[in-house]
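Me: I'm in my first year and still learning to read protein structures. Could you take me through a single part of this one, slowly, and then show me how that part sits in the rest?

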Amino acid sequence: MHLRTALGAASALAVAAATAASAETTVTIATVNNGDMIRMQGLTEDFTAQNPDITLEWVTLEENVLRQRVTQDIATNGGQFDVMTIGTYEVPIWGNNGWLVSLNDLPDSWDADDILPAIRGGLTVDGELYAAPFYGESSMVMYRMDLMEAAGLEMPEAPSWDFIAEAAAAMTDKEGEIYGICLRGKAGWGENMAFLTAMSNSFGAKWFDENWTPQFDSEPWAATLNFYMDLMTSYGPPGASTNGFNENLSLFQQGKCGMWIDATVAASFVTNPTDSTVAGQVGFALAPDNGLGKRGNWLWAWSLAIPAGSDAPDAAKTFIEWATSKEYTALVAENEGWANVPPGTRTSLYENPDYISAASFAEMTLRSINSADPTAPSVDPVPYTGVQFVAIPEFAGIATLVGQEFSAALAGQQSVEEALEKAQALTADEMEAAGY
Amino acid sequence: MARTVTTRRKAINTALAWAIGLTIFFPILWTILTSFKTEATAIADPPVFLFFDWTLENYAVVQERSDYMRFLWNSVIIAGGSTLLGILIAVPAAWSMAFVPSRGTKDILLWMLSTKMLPAVGVLYPIYLIFIQLGLLDTRIGLVIVLMLINLPIIVWMLYTYFREIPGEILEAARMDGASLREEILYVLTPMAVPGIASTILLNFILAWNEAFWTLNLTAAGAAPLTAFIASYSSPEGLFYAKLSAASTMAIAPILILGWFSQKQLVRGLTFGAVK
Amino acid sequence: MATQHSRSAARLMMAPAVILLLGWMLVPLTMTLYFSFKRYLPLRGGDQGWVGFENYIRFVTSSSFWPAVQATLVIVGGVLVITVILGVLLALLLDQPMWGQGIVRILVIAPFFVMPTVSALVWKNMFLDPVNGLFAHLWEVFGATPIEWLSQASLPSIILIVSWQWLPFATLILLTAIQSLDGEQLEAAEMDGAPPLSRFGFIILPHLARAITIVVLIQTIFLLAIFAEIFVTTQGSFGTRTLTYLIYQRVLESQNVGLGSAGGIYAVILANIIALFLMRIVGKNLDA
């Protein structure tokens, strides 16, 4: 079989590389407990069969715990992990600090040119690829076609925020526990702030002007937050201020959301009939815009990187090569079906007819990813890169604090004005502490 | 005369106590029940209590994902090791405080307790650096030492209060008979203090088992105990109540069973010198 | 009875415990003090030089400092009040004759065996969740709108979770204290016709004073450090950012070790003020 030969060739290469290194090597992998990573853990046997001299040790943690652990370890050069699962926010910062091992020397068969340009660009610093994308995502609108039809509306391919508000109003049936729109409200830089920052881009808002002055006192931010607040308080589910990605996914799968604007990877979960009660009813559209030339979608890739302190960089490279290869994608397809392969990293996947026919969301995912531009995230020029984040070390801390203010506003504990005022003050304070 | 009560009074007591007891226990019971449901049943509206198709599927999924026995074994070693080491160091200290008290004894005791006030999050960075230097990261011995140090003040204090209740004359008598210090501790004191030592061991085993900051932050794959096991089951993608319940049940079951079997010991022994 | 010989032996026996704890206290404390006077940003290359008291000033003048102190005190105080009051009542009840006493005791002390992470996860998802939580279903049965516990009643929710965990501990200690109460004294009072309430007020409560102080002291030590319960449930949102959590945010989320270390020193000072206050009381009792 075609696949077999490919695997055989890959394993021959890998064995050669590994025997050159040492006899028995242990690779410790820190990863997040997302579905795709859990699946990878289940397929480990394929790797160890090809590389009998490499033992894989998994440290699977919840996202927040994972971030805390790997950041702590790499900042102190603790050397606890050989492979770390990190995102497009960490890679440029850590790469700049010289904390990561360059992956430029991965073999040609791995085909770096096949990686989607937007994703590859986000993981490259000064021409060095510092992490290999495991799956990539943008964000888009996922909606219930049946509810949309019942409301007498039709979702355009590229909706505006006004249409989203109109549709949310029409779909909401609080008696029947159907909420027109579900959005992230849980505080955290990777939770509500990822969504709100991306959304604010489409409203013409930005985090900092070109002198690194925080912009929460600007008109576009007030417009963003007011719009979000109106949407959520009128048509959102109860307890929205504690809902993150996982909570919303669960709500959507239970059929309680009319629309959900979130990560494109969720598309395969909400269309999976074993987990989702609405699998056959989900439609997709691009993230909304406001006619200003930017849509409210983000760009992210969960990626595998090797910390400079690893004592088994070669074995770790062998593993990363396996986990992010086309062969791995084929392996998942063989075992779990094409719809479940890790999406959003390779051009070849989106040219594969098997994938396109199995994944109704493929086209919209690719269009969303390609339309995100980390180098020019907002309408106005800004001094930073990153769509739903600002690629500076202080961002995670600041955005979590800001996110808590916005979350408190959503919970009705303070007004939008108060939240923005506090956000402005604390961001200015933190930036000063960081020496800007 | 012993306290006699009417049957009626006893019945009221019983009903009230059982109602309260079941209420307090309910969250645990609910978790155990949910662990046997399917994900869909786990969020059924209205909730189902007992009449559902019981399934072991969640346990199978959890076991397949993570090697439970390894986490369990690490928990046992770390909690057990730190408790035993703590007892070995604390017994002599508590002995001397109880039987050869000086003016400073009370101050030393209170100072020991105050070392527990150091906020763990504040000193994580320094401790992490020290652990790197000593090569103790992700080792069981490293965690045994840290948890022992954290709980040592409690152990010393508990033992001290038990030892103080032992009449000094008995030791005097033993000494008259020519017992050495070692013999005195080994043959006279220890047997008398066994109930106290036992409940000290129990309490500290529980505290060490449940410690979730250091055990999570100082381990990776090798020494990770059940607290790290549970950290991979909090809010994964999609429906997860049943799997979370199964993982939770697996994490707390060993200590819950141990606690139940030794319940009498704990009830009798947990005084901290409160009884005088 | 102590001879010179046994005194030096005693000192020798105390040495390991004292030296270890001294090391455990001094080494991290010294390092934390060192960091607290530095601008130390691991993500920007680490040590950026001495900054004097800048971190200390910045930590207290930040808008989150006083709310954090307040949240800490409210949580610790709330849990103490609840566990002590309910603990006394529960201990009194458990001391009464009843059928199945052993099993009831097992049920009551069970939460103490549950690790904080698990209890927070279970409460957050299966009870307090406004859509799928049991409380939401319960509210709906009575036709009420479910409460969004973790955002609208965040502090009470945290206090509820933590109290559930610590009630068994308080009950156990208070129960042993009640059991040691002199039965004859109580009966004499009963014979004299003292009503139950005054029997409780004049005999039982004074007898329990010592046990209550000890419960308060030990729980305070543990409660000042609670972390998992907040990390799992609200992550410090909605006014639940305690001092401990604030320090965590500084050190780990913002990766500002200098600022976080200054916060750590403040936390030590606050904890020791509380401890000193409590220990004065217990210290007196230890002599009695």
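Reply: Let's begin at Val141(A), which stands opposite Ala285(A) in strand S9(A). Please keep in mind as we go that this is a predicted model. The strand S9 of chain A covers residues 282-286, and five bridges join it to S6(A), with the two strands running antiparallel.

Now look to the other neighbour of Val141(A). In S8(A), its bridge partner is Ile261(A). So what is the sense of the pairing between S6(A) and S8(A), and over how many bridges does it run? Strand S6, residues 132-144 of chain A, pairs with S8(A) in the antiparallel sense over five bridges. Another pair you can find by eye is Ser139(A), whose bridge partner in S8(A) is Ala263(A).

Strand S6(A) also has a link to S10(A), which is made of residues 299-305 of chain A. Six bridges join S6(A) to S10(A), and here too the strands run antiparallel. To locate this pairing, start from Ala132(A): its bridge partner in S10(A) is Leu304(A).

Next, move across to strand S8(A), residues 257-263. Besides its antiparallel pairing with S6(A), S8(A) pairs with strand S7(A), residues 179-182, in the parallel sense over three bridges. A handy place to see this is Ile181(A), which stands opposite Met259(A) in S8(A). Following the strands in your viewer, you can therefore step from S7(A) to S8(A) by a parallel pairing, and from S8(A) to S6(A) by an antiparallel one.

Are these strands buried or exposed? For S6(A), 13 of the 13 residues are buried, so the strand is largely enclosed by the rest of the structure. The same reasoning works for S8(A): seven of its seven residues are buried, so S8(A) is largely enclosed as well. As general background, side chains in a regular strand alternate between the two faces of the sheet.

One residue of S6(A) deserves a closer look, and that is Met142(A). Leaving aside residues up to four places away in sequence, Met142(A) touches Phe252(A), Trp260(A), Ala266(A), Ala267(A), Val270(A), Val282(A) and Phe284(A). Met142(A) is also among the residues with the most contacts inside the largest nonpolar core, which has 319 residues. The others named with it are Phe319(A), Ala94(B), Val156(B), Leu159(B) and Ile173(C). The largest share of this core, 17 residues, comes from helix H7 (residues 140-164) of chain B. A useful general rule to remember is that in soluble globular proteins, nonpolar side chains tend to be buried together.

Let's zoom out to chain A. Its secondary structure comes to 19 helices and ten strands. Of its 436 residues, 60% count as buried. Along its principal axes, the C-alpha trace of chain A spans about 60 × 50 × 30 Å. A compact globule with 436 residues would have a radius of gyration near 22 Å, and chain A has 22 Å, so the two agree. Looking at contacts in chain A with a separation of 6 or more, 74% are accounted for by residues 24 or more positions apart.

Chain A also meets chain C. That contact takes 29 residues from chain A and 25 residues from chain C. On the chain C side, helix H7 (149-152) and helix H12 (243-253) each supply at least two residues. The residues of this side of chain C divide into nine nonpolar, twelve polar and four charged.

Chain C itself has 13 helices and two strands. Its C-alpha atoms fill a box of roughly 75 × 75 × 30 Å along the principal axes, and 53% of its 288 residues count as buried.

Finally, turn to where chain B and chain C touch. This contact takes 84 residues from chain B and 87 residues from chain C. Helix H1 (residues 7-34) of chain B gives the most to the chain B side, with 16 residues. That side of chain B divides into 58 nonpolar, 18 polar and eight charged residues. Chain B is divided into domain 1 (7-60) and domain 2 (66-232), and the C-alpha centres of these two domains lie 35 Å apart.

Note on methods
Residues are numbered from 1 along each chain as its sequence is written. Chains are lettered from A and ligands numbered from 1 in the order in which they are written. This is a predicted model: local features need pLDDT of at least 70, side-chain atom pairs count only at pLDDT 80 or more; totals for chains, interfaces and linings use all residues. Two residues are in contact if their C-beta atoms, placed from the backbone, lie within 7 Å. Helices (H or I, at least four residues) and strands (E, at least two) are DSSP runs, numbered from the N terminus. Ala, Val, Leu, Ile, Met, Phe, Trp, Tyr, Cys and Pro count as nonpolar, Asp, Glu, Lys and Arg as charged, and the others, Gly among them, as polar. Domain bounds come from an automatic or database domain assignment. A nonpolar core is a set of buried Ala, Val, Leu, Ile, Met, Phe, Trp, Tyr and Cys residues joined through C-beta atoms within 7 Å. A residue is buried if 20 or more other C-beta atoms lie within 10 Å of its own, exposed if 12 or fewer, and partly exposed in between; C-beta atoms are placed from the backbone. Two strands pair if DSSP finds at least two bridges between them. The radius of gyration is taken over C-alpha atoms; the globule rule is 2.2 Å times the number of residues to the power 0.38.
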